[in-house]
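Please look over the sequence and the structure shown below before reading on. The briefing is meant to be read with both at hand.

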Amino acid sequence: MKFMKLGSKPDSVQSNGDNVRYVATELETELIVTIGNIKFYLHKFPLLSKSGFLQKLIATSRNEEKNNKVDEIDISEIPGGSVAFEVCLKFCYGITVTLNAYNVFAARCAAEFLEMNETFEKSNLVYKIDVFLSSTIFRSWKDSITVFQTTRDLSPNYSNEFTLKLVKRCLDSIAYTASIDTSKVEWSYTYNRKKKLDEKAVPRDWWVEDLCELHIDLYKQAIEAIKTRGKVPVEVIGEALHAYARRRIAGFSKGSVRVIDKSLTESIIELLPDKKGSVSSSFLSKLLRASVFLGSEETVKERLKKRISEQLEETTVSDILMFDIDMVQSLVKEFMEREPKTHSKASVAKLVDGYLAEKSRDPSLLLQNFLSLAETVSSFPRQSHDGLYRAIDMFLKEHQGIGKSEKKRVCGLMDCRKLSAEACEHAVQNERLPMRVIVQVLFFEQIRANGSSTGYSTPELTTTTLNTEDDEWDHVKEY
């Protein structure tokens, strides 16, 4: 961390209890400055020679009734409070004081408030701090972030044109540095994730984790400033928001968010880039799950549903497994409204098959819900029906009480001609299937074995088709 030392005299500011500060000297006190519940017992000349504000304030508030001529003033409204004022008074007395990223913002605001500018003395505190900010602080990536963090400590009552400009300088520094070509990044940064590039290269999202330290109010400003510059790809912005959510929202990755994080979650949603693919389906799904749990407005949930449906073909089963049937069906229907291409439909059909296979493990899953979602994608092209067969088999295994007609409806979703050899081998031994289906499987297997050209074809698929999910086929007969 960069720092600047001002003054050369030893520290003579001492305390008397928690609420009294004074400068140890043989001279009598001439001025009492009150800031909140703290009183400073000081001398006029060092302060008035450098502060235009104190000059004018003492000139108009001199207490003529007191014989000891000690003036008392209250400047509790000073930015940064007593701590920032103490930095300023030490500068006035020539006492050594160290400025760094943690105290420079408050000290600069206090110096502005006290009018410690060039009008009253050359190289006054305002000038020295501005030089330090321009030449050192805003040229340091991490110091710029630290200074920006301290801006939140300043009371909103102190917000004015000057403080807003100073905050903007912090943001400009952060946005400029985050947008710089990665080949020019030569400073330290935090990066705990696995690099996608070779170890020597600087990843394009090198800045993401350092900004995760910011409170959401400041983070929003930083991301908006980076967006405005237009130099950072939207995909990196999306990854930055995902990293921030993982860091700041407790339980986000595990799907168990807290009600107190509702505002934070919705703020992240507001920051999402509009471009399709700029945010991963996994991240969008987690945000939707959180917004449902937190009871967010329908407009928020609908926006996320629309975004997920736009890239549903890229979504994995684990991304949507936390959703109920109605939610997934809603996503599929919104996907269909976009008139997707054939290959996208095939990917979504495979996704739904995998989802149903996992959901069917729940004995409470209703037949009608299973059929409703499966029928929604029944017209979607599938090279293989292995995934659908796996879903049907799992449903029959966990719902052994359903009747023959219901089994027929479930199995009617499947085209036996599109089962792989391995799936057929499993099916003919599967006593959960109706006999009619087993006979169909045997028939088409015989056709395939004989190389018949009856018009029916059962494509030979590799066994990897069966292993798209975590579990493999159970070849043991079950009842």
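What follows covers the nonpolar core, the aromatic pairs, two helices and a set of paired strands.

The coordinates come from a predicted model, and the points below should be read with that in mind.

**Nonpolar core**

- The largest nonpolar core holds 148 residues, and the members that touch the most other members are Phe-85, Trp-207, Leu-211, Tyr-219 and Ile-268.
- Trp-207, when residues up to four places away in sequence are not counted, touches Trp-141, Ala-178, Ile-223, Ile-226, Val-232, Val-236, Ile-237 and Ala-240.
- As background, nonpolar side chains in soluble globular proteins tend to be buried together.

**Aromatic pairs**

- The count of aromatic pairs comes to 11.
- One of these pairs is formed by Phe-53 and Phe-113, which counts as tilted because the ring centres lie 4.7 Å apart with the planes at 45°, a value that falls between the 30 and 60 degree limits for stacked and edge-to-face pairs.
- Phe-53 belongs to helix α2 (residues 52–61) and Phe-113 to helix α4 (residues 104–113), so this pair ties together parts that are 60 residues apart in sequence.
- Trp-141, Trp-187, Tyr-189, Tyr-191 and Trp-206 are linked by ring pairs into a cluster.

**Helices α2 and α13**

- In helix α2, the buried residues are Gly-52, Phe-53, Leu-54 and Ile-58, and the elements covering them include β4 (31–35), α1 (44–48), β6 (71–74) and α4.
- Phe-53 has a relative accessible area of 18%, and this residue is classed as buried because the cut-off is under 20%.
- Ser-309 is located in helix α13 (residues 298–310), and with a relative accessibility of 1% this serine counts as buried.
- Leaving aside neighbours within four places in sequence, the contacts of Ser-309 are Leu-331, Glu-334, Phe-335 and Arg-338.

**Strands around β3**

- Strand β2 (residues 13–15) runs antiparallel to β3 and is joined to that strand by three bridges, with Ser-15 having Arg-21 of β3 as its bridge partner.
- The two strands β2 and β3 form a hairpin with four residues between them, and Gly-17 in the turn has a positive phi of about 80°.
- β3 also pairs with strand β5 (residues 38–42), here in the parallel sense and over three bridges, and the bridge partner of Tyr-22 in β5 is Tyr-41.
- Side chains alternate along strand β3 (residues 20–23), where Arg-21 and Val-23 point to one face and are buried, whereas Val-20 and Tyr-22 point to the other face and are not buried.

Technical notes: Residues numbered from 1 in each chain as written. Predicted model: local features only at pLDDT ≥ 70, side-chain atom pairs only at ≥ 80, totals over all residues. Heavy atoms only, no water. Core = buried A, V, L, I, M, F, W, Y, C linked by side-chain atoms within 4.5 Å. Buried < 20%, exposed > 50% of the residue type's maximum accessible area, 1.4 Å probe, protein only. Contact = heavy atoms within 4.5 Å. Phe/Tyr/Trp six-rings, centres within 6.5 Å; stacked < 30°, edge-to-face > 60°. Pairing = 2+ DSSP bridges.
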